[in-house]
Amino acid sequence: MNKNNSDLFYTCSLIEFIGRKCHQKRSDIVKLLGEKTINRIYHNADILHCEVIDSVADRYIELLSIPDGDFDNIALCKYLIPDYWAIGAVYERLIEDIYDTVTAENIIAIYTSWISDAISNYNTDFYYQSRDYIKECYIADKIL
């Protein structure tokens, strides 16, 4: 697989952005988006990234009637909040490291696994650990 896949990076960053905007866990966002929409975002990322991400997010929120939730990991954060691009990069690297090809099914598998909650906990140092460490934690099915 192509490392530093900009289309995957954008897709993951958009998922993070929508999650923050709607106060939803990222696992819930990928379920609400579904495979078809995630594939559409991924395959059109080169065009979508030319627009303001807030506008793109609003379009998908409205199109899919994504509701507001009560998960607000930003408000709960006691420290410096990583931006949505930084978290998008964490997911992008993990997906690249685990799978040979990018599919919506693979994206959903990562986001709906236990590791999504670990990455979303900004009160820990997990999300900024090395990509190798995060990959090994995912494979071991626990934080090492």
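**Exercise 1. The cavity**

Find how many cavities of 30 Å³ or more this predicted model holds, and describe the lining of the largest cavity.

*Solution.*
- Step 1: count. The predicted structure holds one cavity of 30 Å³ or more.
- Step 2: size. The volume of the largest cavity is about 40 Å³.
- Step 3: list the lining. Val-90, Arg-93, Leu-94, Asp-97, Gln-129, Ser-130, Arg-131 and Ile-134 line the largest cavity.
- Step 4: assign elements. Helix H5 (84-98) and helix H8 (131-140) are the elements that give two or more residues to this lining. H5 gives the most, with four residues.
- Step 5: sort by class. The lining has three nonpolar, two polar and three charged residues.

**Exercise 2. A salt bridge at the cavity lining**

Which parts of the chain does the salt bridge between Arg-131 and Asp-97 tie together?

*Solution.*
- Step 1: check the contact. The side chains of Arg-131 and Asp-97 meet in a salt bridge, at 2.9 Å from N to O.
- Step 2: place the partners. Arg-131 lies in helix H8 and Asp-97 in helix H5, so the pair ties together parts that are 34 residues apart in sequence.
- Step 3: judge exposure. Arg-131 is partly exposed, at 26% relative accessibility. Asp-97 is buried because its relative accessible area, 14%, is under 20%.
- Step 4: link back to Exercise 1. Arg-131 and Asp-97 are among the residues that line the largest cavity.

**Exercise 3. A pair between H1 and H2**

Decide whether Arg-26 and Glu-16 are buried or exposed, and place their salt bridge in the chain.

*Solution.*
- Step 1: check the contact. Arg-26 forms a salt bridge with Glu-16, and the closest N and O atoms are 2.9 Å apart.
- Step 2: place the partners. Arg-26 is in helix H2 (residues 26-43) and Glu-16 is in helix H1 (residues 6-22), ten residues apart.
- Step 3: judge exposure. Arg-26 has a relative accessible area of 1%. Glu-16 has 0%. Both values are under 20%, so Arg-26 and Glu-16 are buried.
- Step 4: look for shared partners. Salt bridges join Glu-16, Arg-20 and Arg-26 into one network.

**Exercise 4. A pair between H1 and H4**

How many residues apart are Lys-21 and Asp-58, and how exposed is each?

*Solution.*
- Step 1: check the contact. Lys-21 and Asp-58 meet through their side chains in a salt bridge, at 2.6 Å from N to O.
- Step 2: place the partners. Lys-21 is in helix H1 and Asp-58 in helix H4 (residues 53-63), 37 residues apart.
- Step 3: judge exposure. Lys-21 is partly exposed, with a relative accessible area of 31%. Asp-58 is partly exposed, at 35%.
- Step 4: set the pair in context. The structure's count comes to eight salt bridges.

Notes. Residues are numbered from 1 along each chain as its sequence is written. This is a predicted model: local features need pLDDT of at least 70, side-chain atom pairs count only at pLDDT 80 or more; totals for chains, interfaces and linings use all residues. Side-chain values use heavy atoms; hydrogens and water are left out. On a 1 Å grid over the protein atoms alone, a cavity is a set of points where a 1.4 Å probe fits but cannot get out, and a pocket is an open set with protein on both sides within 12 Å along at least five of seven lines; lining residues have an atom within 4 Å of a point. Grid points are joined across faces, edges and corners, and a volume is the space filled by probe spheres set on the points. Ala, Val, Leu, Ile, Met, Phe, Trp, Tyr, Cys and Pro count as nonpolar, Asp, Glu, Lys and Arg as charged, and the others, Gly among them, as polar. A salt bridge is a side-chain nitrogen of Lys or Arg within 4 Å of a carboxyl oxygen of Asp or Glu. Buried means under 20% relative accessible area, exposed over 50%, partly exposed in between (1.4 Å probe, protein chains only).
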